[in-house]
Amino acid sequence: MIAPDVERLPKASSRPEAAFVVLLMQSLFWAMAGISAIPFAIAGEVFMLGLGIASLLLALATVFVAIGVIWRRRWARRWAVGLEAVCVAGSILLLVLPLGANRGPVALIANVVLPIAVIALLRQPAELTA
Amino acid sequence: MFDIAPDHAIGLYSGLLALPLAMIAIRLRPARHMVPGTVPGASVLMAVAGAIHIGLIGTHLKESFTALLFLLNGTAYITLSVAFAWRWWRAASATLIGATLLGYLVYIAFGFDSPDQVAIATKLIELTALGLVLVPVRGEPRESRRTWRWTLVGVAVPVLTLITTSTVWIVDLKRPDAQHVHAGAVLQATNDVATPEQTAAAAQLYAATKSAIEPYQDWHRAMAAGYRPGGPANMPSTHWMNQHYVDAGYVLDPSRPQGLVYANTHHGPVLIGAMFQMKPIGQLGPDPGGPLTAWHEHQDICVTPIGFEFSLMTPFATCPIGSIDVSVPPMLHVWIVDNPGGQFAVDIDATVVKKIDRA
């Protein structure tokens, strides 16, 4: 039986909503990375406090961008694509350089697949209007 | 946590195999045109999660209850991934994903399993699928449910992500496997009990190293020899590294240890040990003392060039902004002060450093 809420939809794309979910996940990951720096800052690594706060601010900014994406704001799409492009470039650089960076499935999904997914989901500017 | 358990690897292959199959299967279904795009997306992710669980049955047959849970859960995931046009699909999928996540956390909390890359990757897929299941899409009918679903997306997904991360991390730190001596440090695998020859070799290495670094009790001489402090000076101890010795790649040479360790006391740096370091990442050094002189390497630590500080990478593989995930080449410490953990322990006991500071 087809549910009433799965009637044929108007010509609206759900890509922004899917991108919102991925951006929300990423913001949570950055928030946890920020929180995880705090014990090290307490232990005496003072710069880690700054990095932790920067990570929390990035997480907050990502949530705002995600909300902007839901509202189909053009600026949000641009910021999201720019942020994810930086993430992908940085992650690939880390994977290529011989620094012993983690190359496990979680790192690949979280740092490469998710950012590429956001870029792919937001690749159609026509979907979003200012 | 950052390894793949041998009996879980098959799950990863199953999931990778299921991904294209699920995408093709959903594309072939006309019903996909009648639902928002987030629904087929969630269905594909649920099919992958289900395939991972089904794939794990074969390697868990001796644990019949676990195998049964994998079968039931995998079947439920795959069934729901197919039935995305069902009236109660969202409620059923959200319930199943939530129950699976919480069930797994209970499972690892009670020690029935240890978190590894396959498990954490599956949780990442499930959390993303949950978000896609719940998120309302513009233009959908039943406006009255949008508020309820937005509330769930805004609360349930973050809370479950936070609980999952915390539980996995706590379990991993509290119950590290035999090779993980402390957070981020992996110990070289050796025989369990040192042979008399290994004991003699360890004593010889200790004596030679202690004698060789004796002049560096005066930190000015260490500075003159090319050793430089790294990391914050407000920590109990600091590693002073000799970049020339690091680059030269001397292997376990007592006269040329790559690092010296000084306690940061109120009366200046006090030499407490030396550190040998291999040049290549992942290549352990010679181990003359067997279990007494096992090398260790720090894997998946987040290092920042600002002040050379570090933290640990989260289970979902993220580092604080401005730091990068690295693994440090294997190292072996030699402690010339009385260290309760041993002369070659991974760490110096904090009480020892405090005692030196008070002296």
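**Exercise 1. Describe the secondary structure of chain A and how its residues pack.**

Read from its start to its end, chain A of this predicted model shows the pattern α-α-α-α. Counting the elements gives 4 helices and 0 strands for chain A. The next step turns to burial, and here buried residues make up 48% of the 130 residues in the chain. The last step asks how far apart in sequence the contacting residues lie: of the contacts in chain A with a separation of 6 or more, 70% are between residues 24 or more positions apart.

**Exercise 2. Work out which parts of chain A touch chain B, and what kinds of residues are found there.**

Begin with the extent of the interface, in which 53 residues of chain A are in contact with 57 residues of chain B. On the side of chain A that touches chain B, the elements giving two or more residues are α1 (15-42), α2 (46-70) and α4 (105-121) of chain A. Of these, α1(A) gives the most, with 17 residues. Finally, sorting the residues on this side of chain A by kind yields 36 nonpolar, 11 polar and 6 charged.

**Exercise 3. Determine the strand order in the open sheet of 3 strands in chain B, and explain which strands stand at its edges.**

The order of the strands in this sheet of chain B is β9-β8-β10, and their pairing is antiparallel. Because β9 (309-312) and β10 (324-326) of chain B each have a single partner strand, they stand at the edges, and one side of each is left without a neighbour in the sheet. Neighbouring strands of the sheet are turned against each other by 40° on average, if direction is ignored. Looking at one pair in detail, strand β8 (residues 301-304) of chain B runs antiparallel to β9(B) and is joined to it by 4 bridges. Within this pair of strands, I301(B) stands opposite L312(B) in β9(B).

**Exercise 4. Locate Y227(B), and decide whether it is buried or exposed.**

The first step is to place the residue, and Y227(B) is found in strand β3 (residues 227-230) of chain B. Its surroundings come next: there are 24 other C-beta atoms within 10 Å, and since a residue counts as buried with 20 or more, Y227(B) is buried. If neighbours within four places in sequence are left aside, Y227(B) is in contact with A222(B), W240(B), M241(B), N242(B) and L260(B). A distance within the chain completes the picture, for the C-alpha atoms of Y227(B) and A85(B), which are 142 residues apart along the chain, are separated by 68 Å.

Terms used: Residues are numbered from 1 along each chain as its sequence is written. Chains are lettered from A and ligands numbered from 1 in the order in which they are written. This is a predicted model: local features need pLDDT of at least 70, side-chain atom pairs count only at pLDDT 80 or more; totals for chains, interfaces and linings use all residues. A residue is buried if 20 or more other C-beta atoms lie within 10 Å of its own, exposed if 12 or fewer, and partly exposed in between; C-beta atoms are placed from the backbone. Two residues are in contact if their C-beta atoms, placed from the backbone, lie within 7 Å. Ala, Val, Leu, Ile, Met, Phe, Trp, Tyr, Cys and Pro count as nonpolar, Asp, Glu, Lys and Arg as charged, and the others, Gly among them, as polar. Two strands pair if DSSP finds at least two bridges between them. Axes are lines fitted to C-alpha atoms, for helices over the stretch in contact, and angles run from 0 to 180 degrees between N-to-C directions.
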